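Trainee: I should like to work through this model in order, beginning with the terms needed to read it. Please give me the vocabulary as it becomes necessary.

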Amino acid sequence: MYLPIPRLESMARESLEQYRILLQKSPVAMLVSSGTDEKVILINGRFTELFGYTIEDIPDVEHWWPLAYPDETYREEVKKEWNTKAEWAGRNRADIEPLEALVTCRDGSRRYIKFHLSPISDSASNLVTFFDITERRREQKALTESERRYREVIESSRDGFVIVDAGGRFLDCNQAYLSMLGYTLEELKALPDFYAITPSKWHKFEKEEIWDKRLMTSGFSGIYEKEYIRKDGSVFPVELSATVVRDESGELKFLWATARDITALKQAQKALLDSEARYRTLVNMADDAILLTAPDGRIFSANPAACRMFGYSEEEICRLGRAGVVVADEKLEAAMAEREKTGSKNSELTLIRQDGETFPGDVSSVVFQTEDGETRTSMVIRDITERNRAAVALKESEERYRGLFEDSRDMIVITRPEGKFIDINPAGVSLLGYGSRDEILRLDNIATNLYQDPEDREQMLSDMQRSGFLKDYDLKFRSKSGDVLDLSATLTPVLHDDGKIIAIRGILRDMTEHNRLEEQMRHSQKLESIGVLAGGVAHEFNNKLTAILGNIDLALMGLPKDDPAYEDLTVARRSCEQAADVVRQLLVFSRHETMQPIPVNLNSILSESTSMLERIIGEQYDLVTTLGEDIWTISADAMQIGQVIVNLVINARDAMPGGGSVGVKSANISIDRESAAAQPDSRPGEFVRLSVSDAGIGIDADSLQRIFDPFFSTKDVSEGRGMGLSVVYGIIADHKGWIHVDSTPCLGTTVDVFLPAVPSAETIAEADGRGAEDNLGHQERILLVEDEEQVRDIAGQLLRQSGYSVTAAGDAEEARKIFAERQGDFDLVFSDVVLPGESGISLVDHLLEEKPGIKVLLTTGYSEISLNADIHQRGYPMIQKPYPLDALRLKVSGLLR
């Protein structure tokens with residue numbers, strides 16, 4: 001407390017001694033200093049008691065500073081603040097404002113002091129009073145620390161804490177409360193009251209039940225549930241408890257509440273209820289019997305499946321206990337002993353139904369403790385009567401399967417996805433060419449050891465993963481010897497629970513021979529299709545050539561040989577004959593040219609052809625002919641075989657543009673079954689082999705597959721394309737033989753032709769030919785039937801100029817009409833075989849019925865074998881288009897005379 005300054009001054013004037021006594025007796029620590037030199041005039045007892053210092057320790061103010069503030073830095077701070085206050089007081093002629101500082105006492109202790117300086121009027125002295133505020137500062141610090149800890153606890157809590165006033169307005173809350181609602185504290189304080197965050201359905205309950213009945217009577221709400229509304233409008237459940245805080249007079253100061261978001265709790269409770277409901281449903285709907293038992297054998301519950309299994313109601317099962325449904329034998333004792341050790345056990349026990357029938361059951365037992373500490377056992381029981389029967393059946397099935405597995409003629413395998421064999425049957429071991437099953441099982445990787453292309457293995461696995469299984473899947477394997485095997489596979493994956501393939505079962509059938517035969521058939525069908533086309537083209541071309549050749553012959557008949565045009569027409573006629581030769585080749589290729597085979601010796605054909613072949617290939621080529629000894633006889637059309645030789649030699653020559661040697665050989669060869677199987681188109685037996693070889697440019701693998709296609713050639717377009725090898729293929733096929741070509745690019749080609757040998761046959765002698773006679777007609781009547789107008793006109797002119805009377809018809813119907821009108825007054829019917837509508841063969845059949853003995857001559861440019869057979873069977877004479885004038889005259893005159 002402060003002493004009044006005026007009174008001190010009065011006392012000082014009255015008596016300095018009294019003044020000193022008063023200062024010494026004061027309970028307030030005081031120090032009086034001179035205002036001029038700051039010497040300490042007086043220190044009272046309370047000062048010494050408080051600080052331990054005497055006036056001898058502090059003769060002046062300067063001695064006070066280092067004693068009270070030994071820390072220089074702190075001392076300078078205090079002095080600076082003190083001087084600032086003193087300067088202000090001097091300027092304003094006022095007391096220095098109180099200053100608080102931490103003072104060091106004589107004994108080293110430190111105290112918080114509040115000191116105040118007041119000038120003493122008329123004495124030029126200053127009075128400094130010191131008040132010890134250490135305890136007060138400690139209390140303030142303790143209170144501050146307490147508040148800090150309280151705030152930390154409140155703020156760190158996951159629960160929300162809130163304070164509202166008596167009117168329900170928000171005063172304060174922690175961060176958890178703000179986060180819960182989505183407001184800031186300022187936004188919360190701006191709300192009218194806490195009802196703003198409470199759905200209206202809770203207002204009445206909180207007002208009447210919580211506020212009026214509980215808080216106003218007992219001061220505590222208890223824990224209750226309600227709902228809050230977040231700032232975003234969403235509603236969520238909370239758990240609240242509130243406490244009323246009153247002042248000393250009993251008036252309500254504020255309400256303290258704790259709030260907890262129980263959304264997760266509610267969800268967990270719902271999930272638990274749902275789980276319990278599902279558990280009860282699963283237990284009640286389970287196909288397996290479920291019993292809840294005690295260690296002493298009592299049964300507390302049984303699900304409906306258990307009631308159905310044993311034939312009792314649940315009450316009856318519980319009353320009977322374990323002894324009523326489980327046979328007490330050594331299996332039960334062993335199961336219970338094991339369960340005691342491990343807490344669970346799967347056992348096969350013998351069970352009893354209501355009717356006394358016993359049956360096997362698979363029993364899974366689990367021991368657990370209830371909340372009350374009671375031991376219980378859950379038993380899940382499955383009737384395995386059928387399973388045991390199935391196991392027996394499975395064993396029998398496996399034995400049968402093993403028999404099928406071992407005896408199957410197809411390869412059966414079980415493999416792992418990574419490429420290791422699990423099992424393979426004997427047929428697979430044999431097909432792959434290995435010595436034993438164990439040798440195959442030791443293979444490191446199927447992809448690299450067996451697949452022709454290892455990447456096919458990855459593709460197969462990908463296709464299987466996508467499709468689920470593979471059927472008739474084409475694979476190419478290599479046997480141990482290196483042979484390529486075409487396989488058709490049916491593959492099924494064995495899957496793990498997670499869907500991954502853990503094994504692959506497969507049945508693989510060897511399709512190598514089948515594919516070879518199929519390829520031969522496709523090749524044959526292709527050539528057959530081309531042959532049909534070639535025959536049709538030949539028919540049309542022959543018609544055109546007939547008209548051209550006929551007109552040339554007519555023109556030549558009217559020209560002397562020294563006429564300049566005669567030579568030109570002769571060249572044109574020769575070109576037509578060459579074109580006719582090409583057409584005949586086309587017909588040979590299409591197999592529509594009638595072949596006339598006779599016993600012949602290949603060496604004879606080669607010997608007769610040598611000089612001609614030498615002229616054909618030219619001087620820069622050598623023809624080396626090697627004839628086999630005692631060559632076997634073949635049945636062949638000598639002219640066609642000669643054409644084959646010419647075509648092959650020309651091809652060999654063309655393969656060596658710079659010249660070279662062409663080799664032609666004949667040899668006998670016997671082919672066994674093993675050799676025949678190794679070469680397409682081959683077959684066992686005795687054959688004569690014709691070989692033509694060159695050392696030319698060779699043929700690549702792709703071209704080698706197409707060399708027998710019509711008009712296919714490896715030559716430049718400017719060098720021509722033809723039917724050479726196609727004709728060769730057709731001729732040899734008609735002779736029941738085959739061709740094998742072996743070629744290597746840049747090294748040359750060898751063509752081997754195999755013709756079947758015939759036993760005990762004689763070589764046919766050359767047929768004598770005779771020249772055609774130029775016989776003219778004597779107005780014999782000829783009915784000419786031809787649908788092609790140009791051919792009809794030129795044939796009519798040729799016959800008329802040859803001395804015949806000709807009547808022409810465009811088809812069979814017109815011919816019948818003319819024949820009927822003329823009452824069959826014709827000496828010869830000259831008809832095309834292929835006519836629109838009715839054929840020429842049918843026409844002459846009919847006309848012969850009308851007039852038996854009438855002469856008949858047929859012609860065609862399309863020598864279909866079936867048509868030729870019909871013509872020869874009937875004995876009708878025939879002339880092939882294109883026919884020259886001389887040939888037609890000779891044929892007609894021969895028939896009429």
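Mentor: A residue is buried under 20% relative accessible area, exposed over 50%, and partly exposed in between, with a 1.4 Å probe and only protein chains considered. The model is predicted: local features need pLDDT of at least 70, side-chain atom pairs count only at pLDDT 80 or more, and totals for chains, interfaces and linings use all residues. Residues are numbered from 1 along each chain as its sequence is written, and side-chain values use heavy atoms, leaving out hydrogens and water.

Trainee: What percentage of the residues of the chain counts as buried?

Mentor: The chain has 897 residues. Its secondary structure comes to 30 helices and 32 strands; these are DSSP runs numbered from the N terminus, helices being H or I of at least four residues and strands E of at least two. The buried share of the residues is 41%.

Trainee: Which helix gives the most to the largest nonpolar core?

Mentor: A nonpolar core is a set of buried Ala, Val, Leu, Ile, Met, Phe, Trp, Tyr and Cys residues joined through side-chain atoms within 4.5 Å. The largest one holds 38 residues, and those touching the most other members are I641, I645, L648, V649, I732, I739 and V753. The element that gives the most to this core, with seven residues, is helix α22 (residues 638-654).

Trainee: Which residues is L648 in contact with, leaving aside its neighbours within four places in sequence?

Mentor: Contact means heavy atoms within 4.5 Å. L648 is among the residues that touch the most other members of the core. Its contacts beyond those neighbours are V692, L725, V728, V751 and V753.

Trainee: R457 is buried. Which backbone oxygen does the side chain of R457 reach at 2.9 Å?

Mentor: R457 lies in helix α18 (residues 455-467) and has no salt bridge, that is, no side-chain nitrogen of Lys or Arg within 4 Å of a carboxyl oxygen of Asp or Glu. The nearest side chain of opposite charge, E458, is 5.9 Å away, where Lys and Arg count as positive, Asp and Glu as negative, and His and the chain ends are not counted. A polar atom of the R457 side chain does lie 3.4 Å from the backbone oxygen of P417. The backbone oxygen at 2.9 Å is that of R416.

Trainee: With which side chain does the side chain of Y224 make a polar contact?

Mentor: A polar contact is a pair of N or O atoms within 3.5 Å; within protein, one must be able to donate a hydrogen and the other to accept it, and residues adjacent in sequence count only if both atoms are side-chain atoms. Y224 belongs to strand β8 (residues 224-229), and Y224 counts as buried because its relative accessibility is 9%. Residues it touches, beyond those up to four places away in sequence, include F205, I210, R214 and V238. The polar contact, at 2.7 Å, is with the side chain of E206.

Trainee: How many residues apart in sequence are the parts that D159 and R260 tie together?

Mentor: The two side chains meet in a salt bridge at 2.7 Å, N to O. D159 is buried, since its relative accessible area is 15%, whereas R260 is partly exposed at 40%. D159 lies in the loop between α6 (134-156) and β6 (160-165) and R260 in strand β10 (residues 252-261), so the separation of the parts they tie together, in residues, is 101.

Trainee: Which residue forms a salt bridge with D423?

Mentor: D423 is buried, because its relative accessibility is 8%. Its partner also meets D438 in a salt bridge, at 3.9 Å, N to O. The closest N and O atoms of the D423 pair are 2.7 Å apart, and the partner is R437.

Trainee: How many salt bridges does a search of the whole structure find?

Mentor: One network of salt bridges links E100, R136 and R137. The search of the whole structure finds a number of salt bridges equal to 33.

Trainee: D630 has a positive phi although it is not a glycine. What is the relative accessible area of D630?

Mentor: Most residues other than glycine have a negative phi, and most peptide bonds are trans. The phi of D630 is about 50 degrees, and D630 is found in the loop between β22 (621-626) and β23 (633-636). D630 counts as exposed because its relative accessible area is 69%.
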